[in-house]
Amino acid sequence: MANTLSLYRTVKRLGIPDERIILMLADDMACNARNKYPAQVFNNENHKLNLYGDNVEVDYRGYEVTVENFLRVLTGRHETAVPRSKRLLSDEGSHILLYMTGHGGDEFLKFQDSEELQSHDLADAVKQMKEKRRFKELLIMVDTCQAATLFSQLQSPGVLAIGSSMKGENSYSHHLDSDVGVSVVDRFTFYTLAFFEKLNMYANASVSSLFNLYHLSFLMSTAYYRTDLYQRRLEEVPVTNFFGSVMETIHTDSAYKALSRKSCRRAEINMPSDQSADGDERTLADSNGQDQFSDLKKEDQQSAFRHLWNIFNDKVRKIEDADSFVQYGRPRLTKQKKHPQPKHSSFSSNTEKTRKKRKKKKKEITMMHYKEEKEAKKEAFRKYLESSGVLDALTKVLVALYEQNDKPSSALEFVQQKLGGPSISDYEKLQAELSDLQMKYNQLFAAYQETSAELEGLKSSQSNTTHNEASGSTKETTAEEAQKENF
């Protein structure tokens with residue numbers, strides 16, 4: 001569910017409105033008793049972004065998510081009671097993204113753990129879509145185990161497909177949310193979202209750059225994409241053809257009045273450089289020079305355009321962030337509180353405000369540099385762990401633990417064994433052996449000290465005996481010499 005809502009948020013941010021999105025959710029986690037955060041869904045353990053907010057429009061949820069309804073959406077074979085909001089209103093010029101995720105296997109994808117979508121069902125539905133001219137190009141993206149097998153029977157031209165894993169391979173999750181107790185996002189979808197978070201709706205990134213992102217070291221499975229049915233080169237196809245939409249929209253506070261003549265071909269707004277004292281003057285004329293507003297007087301036209309122009313200028317003055325206006329096409333307006341101002345404003349108050357703004361901006365810049373430095377250190381440490389093979393080793397061990405049907409009683413002992421370290425029982429044995437050896441060492445050291453003391457005593461007694469013998473021999477020699485002198 002988090003996979004689908006994450007991609008739903010991404011395509012909406014890139015310009016695709018809700019009326020062009022058909023969202024199907026099992027909706028079995030937001031209000032699940034195991035969910036610690038009721039009516040909320042997160043794709044990250046930090047819980048900063050609630051994907052299940054107020055701006056989510058779910059078209060099919062719960063028991064409505066069936067294989068039959070899914071195929072009806074693709075082929076357009078709905079019952080008459082189905083509203084337009086639940087229909088895929090596409091034509092022969094449409095670029096369609098079909099994203100599917102869940103539990104799957106060899107040429108099937110599960111729906112609600114009660115029925116399955118087979119690969120031949122999908123191929124037949126796509127064939128009907130092509131025959132009924134319901135798309136120009138179709139991108140099928142599947143994130144599930146053995147995902148590549150689901151589009152093995154596709155034969156319709158104009159179809160591009162990519163799966164997170166090959167036949168016989170699993171599709172793995174990225175990380176676990178310990179609060180909820182489940183994995184919140186899969187690896188394939190996680191790195192797809194990371195790719196699009198760097199882009200906006202005007203980006204020129206190609207589909208090839210997206211496909212080249214899926215490395216085996218990231219996914220721990222082999223991503224497979226099928227291009228034999230697709231006519232164009234992937235390097236020439238922008239990702240926004242499927243994941244985004246660029247539309248120029250003009251918002252007005254009042255409705256336009258309809259043109260009276262149907263023969264008008266092209267209208268141009270002439271804005272002369274010389275402006276009158278009472279405001280900007282604008283006239284609307286077609287290529288034939290005929291008046292397009294025959295039902296309106298010239299003064300009404302000028303006042304209407306002047307009113308719209310003033311509204312636009314007011315909104316431009318209130319833009320808080322120019323980058324948001326350029327990148328996303330709509331300014332962020334700030335609500336300013338009105339405070340009573342004195343009749344005579346002093347210069348010192350303006351200077352104080354300017355000083356505060358500069359101080360605040362300087363603080364923001366300092367915090368930004370601190371965050372960048374902190375992120376750079378984290379990234380350097382991550383690269384260090386990745387280059388030394390620590391991340392790969394830990395990932396393999398955790399995946400092996402995840403695939404264990406009978407989970408071991410001690411996860412720590414399992415990790416230690418997989419990493420080549422001793423188990424807890426081995427560690428206890430080694431601790432017992434160490435204590436025995438320590439006792440033996442203490443006994444031997446005590447015996448060594450006693451032996452050393454005895455040896456020192458023997459050495460001292462031997463030295464005393466030698467000294468006495470030497471003094472006696474000296475006395476005898478002296479007596480003999482005295483006798484010789486007397487003689």
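A residue counts as buried when its relative accessible area is under 20%, as exposed when that area is over 50%, and as partly exposed in between. The exercises below apply this to a predicted model.

**Exercise 1. Describe the protein chain as a whole: how many helices and strands are there, and what share of the residues is buried?**

Solution. Begin with the secondary structure, where the protein chain has 13 helices and 13 strands. Next, turn to burial: of the 487 residues in the chain, 31% are buried. Finally, consider how contacts span the sequence: among those between residues at least 6 apart, 64% join residues at least 24 apart.

**Exercise 2. Find which residues touch the most other members of the largest nonpolar core, and which elements give two or more residues to this core.**

Solution. The general background is that, in soluble globular proteins, nonpolar side chains tend to be buried together. In this model the largest nonpolar core has 40 residues, and those that touch the most other members are Leu210, Phe211, Tyr214, Val239 and Phe243. Two or more residues of this core come from each of helix H1 (2-13), strand E7 (137-143), strand E8 (159-163), helix H4 (187-196), helix H5 (207-211) and helix H7 (240-243).

As a next step, follow Phe243 outwards: once residues up to four places away in sequence are set aside, Phe243 touches Leu7, Val11, Leu14, Ile16, Leu97, Leu139, Met141, Phe196 and Leu210. Apart from this core lies another one, of 31 residues, which includes Val67, Phe111, Leu150 and Val159.

**Exercise 3. Work out how H1 and H4 are placed against each other, and whether H4 is mostly covered or mostly open.**

Solution. First take the geometry: the axes of H1 and H4 come within 10 Å and cross at roughly 15°. Angles under 35 degrees count as roughly parallel, and H1 and H4 are therefore roughly parallel to each other. The crossing in which H1 passes H4 is left-handed.

Then list the residues that meet, which are Asn3, Ser6, Leu7, Thr10 and Arg13 in H1 and Thr189, Thr192, Leu193 and Phe196 in H4. Sorted by class, this contact has 3 nonpolar, 5 polar and 1 charged residues.

Lastly, look at H4 on its own, which is mostly covered, with 8 of its 10 residues buried. The buried residues in H4 are Arg187, Phe188, Thr189, Tyr191, Thr192, Leu193, Phe195 and Phe196.

**Exercise 4. Set two further helix pairs side by side: at what angle do H2 and H3 pack, and at what angle do H11 and H12 cross?**

Solution. Start with helix H2 (residues 67-75) and helix H3 (residues 119-131), which pack at an angle of about 25° with their axes 8 Å apart. That angle makes H2 roughly parallel to H3. On the H2 side the contact involves Phe70, Leu71, Leu74 and Thr75, which meet Asp121, Leu122, Ala125, Gln128 and Met129 in H3. By class, the residues of this contact divide into 6 nonpolar, 2 polar and 1 charged.

Continue with helix H11 (residues 390-402) and helix H12 (residues 411-418), whose axes come within 10 Å and cross at roughly 130°. H11 and H12 are therefore oblique to each other, and H11 passes H12 in a right-handed crossing. Val397, Ala400 and Leu401 of H11 make this contact with Ala411, Phe414, Val415 and Lys418 of H12. The residues of the contact of H11 with H12 divide into 6 nonpolar, no polar and 1 charged.

**Exercise 5. Examine three loop residues, Glu107, Gln146 and Gly102: in which loop is each one found?**

Solution. Glu107 belongs to the loop between strand E4 (104-105) and strand E5 (108-111). Although Glu107 is not a glycine, it has a positive phi of about 65°, and its relative accessible area of 28% makes Glu107 partly exposed.

Gln146, in the loop between E7 and E8, is likewise not a glycine and has a positive phi of about 55°.

Gly102 is found in the loop between strand E3 (95-101) and E4, and Gly102 is partly exposed, with a relative accessible area of 35%. Leaving aside neighbours within four places in sequence, the contacts of Gly102 are with Leu109, Asp143 and Thr144. As a last step, compare sequence with space: Gly102 and Ser171 are 69 residues apart along the chain, while their C-alpha atoms are separated by 9.9 Å.

Notes
Residues are numbered from 1 along each chain as its sequence is written. This is a predicted model: local features need pLDDT of at least 70, side-chain atom pairs count only at pLDDT 80 or more; totals for chains, interfaces and linings use all residues. Side-chain values use heavy atoms; hydrogens and water are left out. A nonpolar core is a set of buried Ala, Val, Leu, Ile, Met, Phe, Trp, Tyr and Cys residues joined through side-chain atoms within 4.5 Å. Buried means under 20% relative accessible area, exposed over 50%, partly exposed in between (1.4 Å probe, protein chains only). Helices (H or I, at least four residues) and strands (E, at least two) are DSSP runs, numbered from the N terminus. Contact means heavy atoms within 4.5 Å. Axes are lines fitted to C-alpha atoms, for helices over the stretch in contact, and angles run from 0 to 180 degrees between N-to-C directions. Angles under 35 degrees count as roughly parallel, over 145 as roughly antiparallel, 65 to 115 as roughly perpendicular and the rest as oblique. Ala, Val, Leu, Ile, Met, Phe, Trp, Tyr, Cys and Pro count as nonpolar, Asp, Glu, Lys and Arg as charged, and the others, Gly among them, as polar. A crossing is left-handed if the near helix is turned anticlockwise from the far one by less than a right angle, and right-handed if clockwise.
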